[in-house]
Amino acid sequence: MNGVQFDALREAAPDGVACDGLRVEREANGYVFETPEETRAGLDAAAFEATAAANPWFVSNWHYWQGIEDPARRAYLRWLERADEHGVRERYEALATGVRREWGQLGIKAGLDGDGERIYELRHAADADREIDALDVRADPLDAREIATEDPKGRYRPLKTAPTLRRGWVFAALDGRDLYRAVDYFYPATVANWFREREGDLDVTHYRETATRQTGIYGIVDGLAPEAVGWLAEACCVDSQCLKRREWDESEAEALGVPRGDGEFPCREPCSLVIAAARKLTLLEREGTRTYEFELTPSEKEQLEALVDTVAEGRIDDVREADLGEGANRYRTRFLRAKRVDGEGRLCGVPTREDDRGEDGGDDGERED
Ligand code: SF4
């Protein structure tokens with residue numbers, strides 16, 4: 001507790017103070033100072049100050065939280081240090097060494113600076129044990145935007161909540177406001193929606209409702225069948241693809257039979273990436289099925305299945321050149337292509353369509369290349 005904090009407490013006392021077990025009031029016969037451990041009443045000014053000085057954490061704690069008006073930021077910062085789970089003394093002891101939490105791929109450590117004020121460190125969760133000297137130290141929360149733009153391979157990240165955040169950086173000493181800003185740059189609106197959900201106030205918009213609102217080139221996405229909406233969510237929204245927990249479904253009445261994910265923060269409606277994917281898939285799903293006949297060995301069939309699985313799970317880079325036991329091995333795939341794909345790219349030489357326009361008219365000329 002410092003002089004500024006005590007002066008603020010004395011000024012607030014006539015209106016009453018209540019925070020995390022601390023209660024302070026100014027009554028006719030003096031001050032009341034109460035913590036979970038003791039209650040002192042009838043204190044004159046000197047005794048009040050001495051009692052406050054003997055309970056510095058309670059005063060400092062009150063002063064910090066009373067200065068944060070934004071309810072979402074306040075709730076988030078309290079969640080970070082598990083304020084609803086532990087008492088003030090326990091929390092301050094934990095903050096002295098740092099309280100860690102994860103938010104998506106972000107690792108956040110709440111601690112205290114030399115003056116006993118809250119300070120926050122933010123880095124990639126996978127860098128939790130790296131020395132700070134080995135990381136790119138940043139100070140401006142705005143830098144989070146640049147860090148979040150590209151994945152570790154330098155490719156643009158169209159979905160900010162994809163689990164593809166690059167490592168190697170740290171915001172070493174942020175105050176609560178700047179931490180909140182940085183988190184919002186990394187994962188826009190995730191804290192706001194997390195807070196709404198905690199308050200029982202998350203307004204979910206389901207796929208069908210979102211789809212019917214689309215206009216222009218996206219107006220067709222309402223044509224995607226319910227079953228295909230499930231496949232779409234399985235393709236884009238599960239934990240391996242997105243860190244949000246999907247709360248939307250096909251409609252209020254029809255839940256999708258796809259895991260929602262375990263993310264800390266909810267997804268309240270299909271995002272623009274999913275709607276863009278839905279547009280393409282709506283066009284593709286208009287095609288009727290056909291029966292083809294291919295000659296494949298059992299191992300070749302399994303290899304095609306392994307290829308689909310490896311690409312879908314993004315594991316291509318994990319397949320070693322020397323591992324010909326892997327269906328997605330490059331040499332095995334080149335062998336399969338040499339053997340089974342003709343000079344026009346057709347599997348086993350089997351034509352895909354009777355003619356280039358598609359005889360069944362299934363794509364209505366809307367097929368895209
Ligand atoms: S719609 Fe799916 S992919 Fe998009 S943000 Fe929500 S959960 Fe993630």
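This is a short viewer tour of a predicted model, going from the domains to a sheet, a ligand site and one loop residue.

**Stop 1: the domains.** Colour the chain by its four ranges: domain 1 (3-66), domain 2 (71-198), domain 3 (207-285) and domain 4 (298-340). Then put a distance between the C-alpha centres of domain 1 and domain 3, and you should get 52 Å.

**Stop 2: the sheet.** Switch to cartoon and find the open sheet of four strands, ordered β1-β2-β3-β4 with antiparallel pairing. Select β1 (17-19) and β4 (39-43): these stand at the edges with a single partner strand each, so one side of each has no neighbour in the sheet. On average, neighbouring strands here are turned by 10° against each other, direction ignored.

**Stop 3: β1 against β2.** Now add residues 22-27, which make up β2; three bridges join this strand to β1, and the two run antiparallel. Two pairs are worth showing as sticks: Val17 stands opposite Val24, and Ala18 has Arg23 as its bridge partner. Next, pick helix α3 (residues 56-66), which packs on the sheet and touches β1 and β2; the direction of α3 makes about 90° with that of β1. Before leaving, look at the turn: β1 and β2 form a hairpin with two residues between them, and Asp20 in that turn has a positive phi of about 50°.

**Stop 4: on to β3.** Select residues 30-34 for β3, which is joined to β2 by five bridges, again antiparallel. Glu25 stands opposite Val32 in this pair. The link from β2 to β3 is a hairpin through two residues.

**Stop 5: the ligand.** Which residues should you select around the ligand? Show Leu159, Thr161, Cys236, Cys237, Cys242, Lys244, Arg246, Cys267, Pro270, Cys271, Leu273 and Val274. Coloured by type, this shell splits into nine nonpolar, one polar and two charged residues.

**Stop 6: Glu313.** Finish in the loop between α12 (298-312) and α13 (330-340), where Glu313 is found. Is Glu313 buried or exposed? Count the other C-beta atoms within 10 Å and you get 12; the cut-off for exposed is 12 or fewer, so Glu313 is exposed. For a last distance, pick the C-alpha atoms of Glu313 and Ser240: they are separated by 8.0 Å, although the two residues are 73 residues apart along the chain.

How values were computed. Residues are numbered from 1 along each chain as its sequence is written. This is a predicted model: local features need pLDDT of at least 70, side-chain atom pairs count only at pLDDT 80 or more; totals for chains, interfaces and linings use all residues. Two strands pair if DSSP finds at least two bridges between them. Axes are lines fitted to C-alpha atoms, for helices over the stretch in contact, and angles run from 0 to 180 degrees between N-to-C directions. Two residues are in contact if their C-beta atoms, placed from the backbone, lie within 7 Å. Domain bounds come from an automatic or database domain assignment. A residue is near a molecule or strand if its C-beta atom, placed from the backbone, lies within 6 Å of it. Ala, Val, Leu, Ile, Met, Phe, Trp, Tyr, Cys and Pro count as nonpolar, Asp, Glu, Lys and Arg as charged, and the others, Gly among them, as polar. A residue is buried if 20 or more other C-beta atoms lie within 10 Å of its own, exposed if 12 or fewer, and partly exposed in between; C-beta atoms are placed from the backbone.
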